[in-house]
Amino acid sequence: MHDDEYILKVENIRKSYGQTVVLDSVSFNVRKGDTKVFIGPSGTGKSTLLRCINQLTVPDSGRVWLNGEEVTHSGSRINYFRQKMGMVFQNFYLFDHLTAVRNVEIALIKVKGMPAKEARKKALLELRQVGMEDWADHYPAELSGGQAQRVSIARALAMDPDVMLFDEPTSALDPELTREVLEVIKNLARDGTTMLVVTHEMGFATSVANEILFMEGGRIAEQGSPQELLSDPRFSRTKNFIGQFREFDREM
Amino acid sequence: MDTMLFMADVLVPALLQGLVITLELIVAAAPFGFALGVVLAVGRTYGGRLTSYLCRAFVAFIKGCPLLLLLFMLYFGLPSAGISFSPFVAAMIGFICCNAAYNSEYIRGALLSVKDGQMIAAQALGMTRLQSIWLIVLPQALRRAIPGITNEFIYLIKYSSLAYMLTIIELSGAGKIVATKYFTYNETFMMVGAIYLVLVTITTVSADMIEKKVAVPGTTGR
């Protein structure tokens with residue numbers, strides 16, 4: 001069943017809400033160190049797909065495997081798998097009543113059972129990674145969107161996940177803040193972090209991805225390396241989709 | 001009888017005795033009323049269908065029942081079903097139920113006001129549902145529920161006087177006894193009223209201080 005070269009396997013995920021099919025049998029595999037970027041029009045199930053991977057949304061059918069262990073149908077062990085899959089959200093979702101450093105350390109202490117001192121040390125280290133160490137004692141309401149998102153990335157990284165799931169991490173940010181967050185994600189990719197990224201940032205997608213997966217109508221319509229998708233005539237839809245953004249950029 | 005003498009020898013000692021009973025009732029009932037209120041609110045908001053329904057039914061029953069009637073049922077009614085409480089315990093149970101039911105509604109509103117995403121983010125980190133509620137949602141909700149809970153505590157101070165109907169000589173009851181015996185209705189009841197006013201003022205000021213102390217920088221309005 002399991003193929004050792006893949007860290008994450010996603011098989012035939014289906015999800016419908018009433019009559020609306022959101023995900024129509026989506027499958028793909030992820031190797032350690034891969035950066036897979038999901039692009040495509042809004043409402044094509046990209047975010048739902050990420051949530052089905054860590055079971056925040058339970059798929060109607062299909063299976064997910066992490067390091068050879070089944071994540072779907074794992075009962076209460078799902079809480080273990082979720083630690084191993086760090087998630088970053090469009091709207092950050094920091095815990096509003098906790099300082100930046102408490103945001104990062106709370107799951108270390110309460111979920112991993114790490115001693116408070118050790119957790120604090122690790123939390124500060126993670127904050128330094130994203131350039132937020134100086135803001136450790138600030139509350140979310142005192143941070144800019146880009147800073148908040150960097151803290152939320154540190155929070156996810158602190159759990160030492162095998163895979164990072166980025167769900168439109170810059171969609172709520174202005175261009176300048178977008179750049180500071182993408183910089184952090186780029187560095188992670190460079191350091192070999194395995195990640196799945198849903199984004200509308202085409203420049204980022206083409207420069208960082210090992211593979212771009214173009215989703216349309218709940219399916220992976222086309223997939224390939226950025227070079228393939230942009231040059232190979234077989235991948236016309238992706239090229240047109242990315243092209244729209246480029247033309248728009250040129251007009252600006 | 002000289003007014004000063006009456007005050008010193010009769011009224012103040014009697015009212016102080018009553019005040020002690022009143023404070024006992026409040027101090028004993030409030031923590032349980034708060035805790036049960038949290039349980040009811042969480043049960044109704046996050047519980048399964050049955051739990052949610054039971055919490056809702058309990059709150060609806062208490063809200064629909066006059067407190068005095070509830071106290072009468074607890075103290076005079078239940079013995080015929082083989083369950084007897086002392087007056088103090090009967091009053092306590094009544095106050096706790098009433099306090100909890102109303103508190104639960106303030107807390108429930110506050111729970112619903114905490115952004116949904118934080119619960120999702122907590123679970124994405126591997127927290128169980130209960131951990132997410134206890135560590136993330138509830139601490140924020142309780143801060144927002146402070147004004148409502150304070151209000152309910154103030155009501156508790158005042159409806160503790162209903163314990164008099166179960167033969168407990170608390171502050172109001174003590175005043176009533178003195179007033180009737182010495183025909184000093186105005187002096188006595190004004191004094192009693194003044195004591196309640198002090199209790200309520202202390203509560204309000206303390207609640208303000210607590211609210212400021214636990215406020216999250218940058219979020220809570222001044």
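# Salt bridges, cores and a contact between two chains

Hi everyone, let's start with one pair of residues: in chain A, the side chains of Asp24(A) and Arg219(A) meet in a salt bridge, with N and O 3.2 Å apart. Before I go on, please keep in mind that this is a predicted model.

What does that pair join? Asp24(A) sits in strand 2, residues 20-31, and Arg219(A) in strand 10, residues 219-224, so the bridge ties together parts of chain A that are 195 residues apart in sequence. Are the two partners buried or exposed? Asp24(A) has a relative accessibility of 19%, and because buried means under 20%, Asp24(A) counts as buried. Arg219(A), at 44%, is partly exposed.

How many salt bridges are there over all chains? A search of the whole structure finds 19. Let me show you a few more. Asp34(A) and Lys36(A) form one, at 3.8 Å from N to O, and both of these residues are buried. Another joins Glu126(A) to Lys122(A), where the closest N and O atoms are 3.0 Å apart. These two are 4 residues apart in helix 4 of chain A, residues 116-129, so about one helical turn separates them. Glu126(A) and Lys122(A) are both buried as well. Over in chain B, salt bridges link Arg44(B), Lys63(B), Glu105(B) and Arg108(B) in a network.

Now for the inside of the structure. The largest nonpolar core has 90 residues. Among those with the most contacts inside this core are Leu8(A), Phe28(A), Ile53(A) and Leu196(A). Helix 6 of chain A, residues 175-190, gives the largest share of the core, 7 residues. If you click on Leu8(A) and leave aside its neighbours within four places in sequence, you'll find contacts with residues including Phe28(A), Ile53(A), Trp65(A), Met85(A) and Leu196(A). There is also a second, separate core of 43 residues, and that one includes Val10(B), Leu19(B), Ala30(B) and Ala100(B).

We just met Ile53(A), so let's look at its helix. Helix 1 of chain A covers residues 46-53, and 6 of its 8 residues are buried, so this helix is largely enclosed by the rest of the structure. Which residues of helix 1 are the buried ones? They are Lys46(A), Thr48(A), Leu49(A), Leu50(A), Cys52(A) and Ile53(A). Just after the helix, Gln55(A) takes a positive phi of about 65 degrees.

Chain B has a nice buried residue to look at too: Thr188(B), in helix 8, residues 185-214. Its relative accessible area is 0%, so Thr188(B) is buried. Not counting residues up to four places away in sequence, Thr188(B) touches Phe6(B), Leu11(B), Gly175(B), Val178(B) and Ala179(B).

Last stop: the place where the chains meet. Chain B brings 22 residues to the contact and chain A brings 24. About 2000 Å² is buried between the two chains, with carbon and sulfur atoms giving 69% of that area. The interface has 1 salt bridge, and here it is: Lys115(B) with Asp96(A), the closest N and O atoms being 3.1 Å apart. There are also 5 residue pairs in polar contact across the interface. On the chain B side, the elements giving two or more residues are helix 5, residues 116-124, and helix 6, residues 129-159. Helix 5 of chain B gives the largest share of that side, 7 residues. Sorted by class, the side of chain B that touches chain A has 11 nonpolar, 9 polar and 2 charged residues.

Thanks for listening!

Conventions:
Residues numbered from 1 in each chain as written. Chains lettered and ligands numbered in written order. Predicted model: local features only at pLDDT ≥ 70, side-chain atom pairs only at ≥ 80, totals over all residues. Heavy atoms only, no water. Contact = heavy atoms within 4.5 Å. Buried area = accessible area lost by both parts, 1.4 Å probe. Salt bridge = Lys/Arg side-chain N within 4 Å of Asp/Glu carboxyl O. Polar contact = N/O pair within 3.5 Å; in protein donor to acceptor, adjacent residues only side chain to side chain. Nonpolar A, V, L, I, M, F, W, Y, C, P; charged D, E, K, R; others polar. Core = buried A, V, L, I, M, F, W, Y, C linked by side-chain atoms within 4.5 Å. Buried < 20%, exposed > 50% of the residue type's maximum accessible area, 1.4 Å probe, protein only.
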